[in-house]
Structures are given as structure tokens and as C-alpha cells.
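Student: Please take a close look at one cysteine in this model and tell me about its surroundings. Then go on to the other features worth a look.

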Amino acid sequence: MNLRVPFATLDCASPIWTASGTFGYGREFAPYFDLARLGAIATKGISPEARAGNPVPRICETASGMINSIGLENVGAESFGRDKLPFLRQSGTNVIVNFFGETFDEYVACAASLDALDGVAALEMNVSCPNVKKGGVEFGVIPAVLTELTRACRSVTKRPLLVKLTPNTGDIVALARAAVAGGADGLSVINTVSAMAIDARRRRPRIATTYGGLSGPAIKPIALRMVHQVHTALPEVPISGIGGIASGEDVVEFLLAGATTVQIGTLSFSEPSAAARILDELSAFMEQERISDVRELIGALVVPAGC
Amino acid sequence: MPTEFSARVLANRALAPGLFVLELADCEPLVGCLPGQFVMVRGEWGRDPLLPRAFSLLSARHGKCELLIKALGRGSRLLERSAVGATLQLLGPLGRPFPVPRAERRDFLIAGGVGLAPLLWHAEEAVRAGAKVELFYGARQEAELVLRERIEATGCRVQFTTEDGSFGRPGRVTAALQARLDEEHPTLLTCGPNAMMRAVVEIARARNLACFVSVEGEMACGIGACLGCAVQSAPGAARAYHYACIDGPVFDALQVVLP
């Protein structure tokens, strides 16, 4: 059985990646399973300088999901290269560094400095965090801006550049096209869905920043729809599907919708070895269904005529 | 090293309305775990609730462990209905413990509500180690002062308090503590509601006593990945936040600002 998939120029041991912001810097999860089984690890979002993140409460649980507003807390590019990358480099999997900046120039500078680090397989540009005042989503919702930023980051890195799209838009396909026009080699679809939870007794928001990003199985149907729309419009562009994936069958659904790989996110919080369990379940599904190569599933959704 | 494992419910004992102890078997991975450390617990309830719940251990010995739980939210109410023989998913041991009891140190333990769990275990271990501890255990009313026989069985000096005066010394647990401190110069270990712990920290500061607090935070993962359980660092610290899961839950009171 073949689980290996190519993604842009990356060779992935499996279509299972772990999503930025849910897998720390990799090391946190090393006690629970062999990270080399993953196709890639997307790191916590890295900015040029370290960030302290938002006040608490930063997270709250909701029906089949959670809302977070961490605020892109991270150690900064320099410490990442010095303190976090050495472990990741020898983990046996592709290291995809998620990055962002507060300004256009910061994005570009961050991409350039990460590109210079040995052991970085690819960059994932985060233009979709709903939880920060600057950077994050403001560069990710206007197609012309997204194209320009992607192009600028593309020009300073020789590594594959993924763009992680926000679902908080009326037209995901327009954003996908904009990123690809700027030179994106792949798309991560989707980041969290802007959301809110309220404490009825205290009459207060449950998240310090009022709004946060919803993740977990609650958003899976939204993510599937968006992956399918983007894949239908841009069938040649590799997509890494993200959104509430909790089982091997969930992975199959995303691949059928057009994703080449998937990213396990919130489930790694519930269960640190979730990605390994999900990979085992994917293998079991393929065995039962007599599928010898996982690539057969990519985009293989059957939409009956007239639908 | 923390481990993911399945544990079996050996007993589910109701202590008072909404307060219960789960006794679990098949907990060999917790061998060597210390009072103040915690586990993340999930029932076999699918994806809703999605996240595991963090509980400080009431004990972990001989492949068994105990959790003292107050049914507050959806997860704890589901755990309250756990049947004997049911399977729970655990992750642990996690976090940093209270300072291990030592014969040459005198500890005063100040517990509020289910914050009793790690401190009762600490008291039991202290007695075993030949260390002297005193327990101050407060609640709003008598029914919420649970596990009293077991507390008495430690042989430690104990001061029970209730805010409504229905049992023990009337008033707050911190008042009982103050009264004893005129005679002693102990280390304070505390676990309970933040308001109570803030008062304990204030007392420790005023009297220049060492003080350790067990801090709760909104926690999704327990292993330093979600960054939900941020606790504000004390002024002047190198970083803005500590994390209850990996830097705590037990902190030297000088390290953090209690929420």
C-alpha cells in the first residue's frame, strides 16, 4: 500500500500533516508517536520578533469544537532557528514553517530569514489568523493585496510557498486564485472560522478578545466545501485540507474533495497521538476498500449528473 | 514521561451533591507521580465534548489513582455518571508537583473546595515521610467539606472552616490560617479558588513565608501546545506568561500573578 504523496516539490511520507498552532514546535508531541510518520509538521506561526500573545481567557470549548484567540504567540524567527529547528530537523519529517508579519515588509523579511535556515522544507504564509490586530487576516481577504504579498514572499524564498487561506470570506476561490497568481505553490484550506461564545450568567464574552477562531469537527463541513470549491477551480494546485479532521474516514473525505494532504489540528489537543491513529485508520480504510495507492483518492469525488 | 492510556473505573463514590471521587485502575503509567501533578481525562463520549479535562490527582499508588471532582460543566457531569467498569482515556502524569514533603520543613496546607485533592495526598505522603503538616480546609458549608474521615486518619492537625458556620471554625479558611501563623513560620502550599489563593499569597508576602500555589487555567492539551492556560508572570519576569500545564500547575507564588 502506498501512502507517500508529492506536494509541490515536497516528498511526503504520508498525506497526514499537523497544523500550525496545534502542534507546538513538534517536540511537545515526540513522546507520543514517531513524527517521521507524518508527511510534514507545520510549526507554530513565526514572526520576526517574539510575541507574548493575547490575555486570558484565550480558549473555550464549544459544541464539537473550540474557539481560540492565542494571538500568534511565538518565540520569534531567531529563537526558532536556534532553539526549535534543530529538533525538528532530525525528526524525519518535512518542516513547514508557518510565518507572518505585522506589515507587508515584515512578512517578506520573515520569509527571507526563514528561507536561510537549514532544514526548512517549505514556508506556509499565514494571512488568515483572525486573532491579531495587525498582520493575520488583513493581508488575506483582498485578492490584489494577497497576490502582491505572495509575489513578494515568493521572490525571497527558493522553497515551496504555501498560502493558508481564511474561510472568513465570501469568495474562497477568488482568494485561492489571488494566491496562485502571486506564485503560491500550494494552498492550505482553511484557517479557523471567526466565532464567538458568551457566558450567559456573567453576560460576558468567553474569550478575552471577544471574537476568536473556531476549530474542530464543528467546522469540517465548511472546510470540505471550500477545499472542493478551490480544487474544482484550480485542479492543478495542491491543497492541504484542514478543518476538524478526527478519523481516517475524514481524511478520505478531504482527499476525495481534492486535497493532496490534510492537516490534523485541534484533535492533537484532545489526543496527542491523534495524527498517528488517523494515519492507521486511513491505512485500514484503504485495505478494506482495496485501494493500493492513496493518490487514487485525490479529487476522486463522484458528483452525480444534475447535481 | 507522560503517557496516553486507558483506565478502568473501579468505583464512583458520591460524597455530596455534585462532588464525587473516581477510583481508577490500570494506571501503572502514573507510578512515581507526585502530589500536585495532574492528568487529562476523556470519557468515551465521541467528539462532544471535544477536549479532555484536567484534574489534579487525589492519589496515585499501586497502579490505581483517584480523582476528586466537582460536577460543574458538561465534561465533569458526564464523568459523574461514569459506571463501574467504564473506560476513560488518560494522559499523564503532567505538570510540576508541590515540593516533596521533608521532615525538616513544616508545611501548612490551605485547601478550598476540590483543591483539597493534591493537598490531602501531600498530607498523606508527608506523614509517611515523617514530616509535620497542618491542613486548613474550608468550604461554604458542611456538606462541601468532604473526605473528613480520611483527613482525620492522617493524624495531621486539621482546621476545618465553613463560611456559614455549619461545621468547624466559622468564616474563611484564611482567617484560621492567620490565627495559627502567630505561632509558626511554615511553608504554605495552597490549592483552591483564586480568591482564596490570592489571600494566602498576600499573607505569605506579609509574613515573608515561602508559598506555593496550584493554578488552574483553561487548558485544551495539557502538554504546552495549545497555550490556552497562560498565567501572567510576576512583574520583572523574562516572559509575559507562564503555562499552568508545563511550568505549573504548582508555582512558587513569586513567579506568577494569580488571575
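Tutor: Cys110(A) is buried, because its relative accessible area is 0% and the cut-off for buried is under 20%. This is a predicted model, so every value here is computed from predicted coordinates. Cys110(A) takes part in no disulfide. Its nearest cysteine sulfur belongs to Cys153(A), 8.6 Å away. A disulfide needs the two sulfur atoms within 2.5 Å, so this pair does not count.

Now compare a cysteine of chain B. Cys65(B) is also in no disulfide. Here the nearest cysteine sulfur, that of Cys27(B), is 3.7 Å away. That still fails the 2.5 Å limit, so no bond is assigned. Cys65(B) counts as buried because its relative accessibility is 0%. Over all chains, the count of disulfides is 0.

Next, a leucine of chain B. Leu50(B) sits in a loop of chain B, between strand 3 (38-43) and strand 4 (53-61). Despite the loop position, Leu50(B) is buried, because its relative accessibility is 3%. What is Leu50(B) in contact with, leaving aside its neighbours within four places in sequence? From chain A come Glu61(A), Ser64(A), Gly65(A), Gly216(A), Pro217(A), Thr266(A), Leu267(A) and Ser270(A). From chain B comes Arg42(B). Ala220(B) lies 170 residues from Leu50(B) along the chain, yet their C-alpha atoms are separated by 9.2 Å.

Then the empty space. A probe the size of a water molecule, rolled over the atoms, shows where such space is left. The whole structure holds 1 cavity of 30 Å³ or more. The largest cavity contains about 420 Å³ of space. Its lining has 34 residues, and Ser20(A), Thr22(A), Asn68(A), Asn191(A) and Thr192(A) are the ones nearest the centre. Two elements of chain A give two or more residues to this lining: strand 6 (65-68) and strand 16 (261-264). By class, the cavity lining divides into 18 polar, 14 nonpolar and 2 charged residues.

Last, an open site. The second largest pocket has a volume of about 660 Å³. It is lined by 31 residues. Nearest the centre of this pocket are Gly224(B), Leu227(B), Arg239(B), Tyr243(B) and Ile246(B). The pocket lining has 17 nonpolar, 9 charged and 5 polar residues.

Terms used: Residues numbered from 1 in each chain as written. Chains lettered and ligands numbered in written order. Predicted model: local features only at pLDDT ≥ 70, side-chain atom pairs only at ≥ 80, totals over all residues. Heavy atoms only, no water. Helix = DSSP H or I, 4+ residues; strand = E, 2+ residues; numbered from the N terminus. Buried < 20%, exposed > 50% of the residue type's maximum accessible area, 1.4 Å probe, protein only. Contact = heavy atoms within 4.5 Å. 1 Å grid on protein atoms, 1.4 Å probe; cavity = no way out; pocket = protein on both sides within 12 Å on 5 of 7 lines; lining within 4 Å. Points joined across faces, edges and corners; volume = space filled by probe spheres on them. Nonpolar A, V, L, I, M, F, W, Y, C, P; charged D, E, K, R; others polar.
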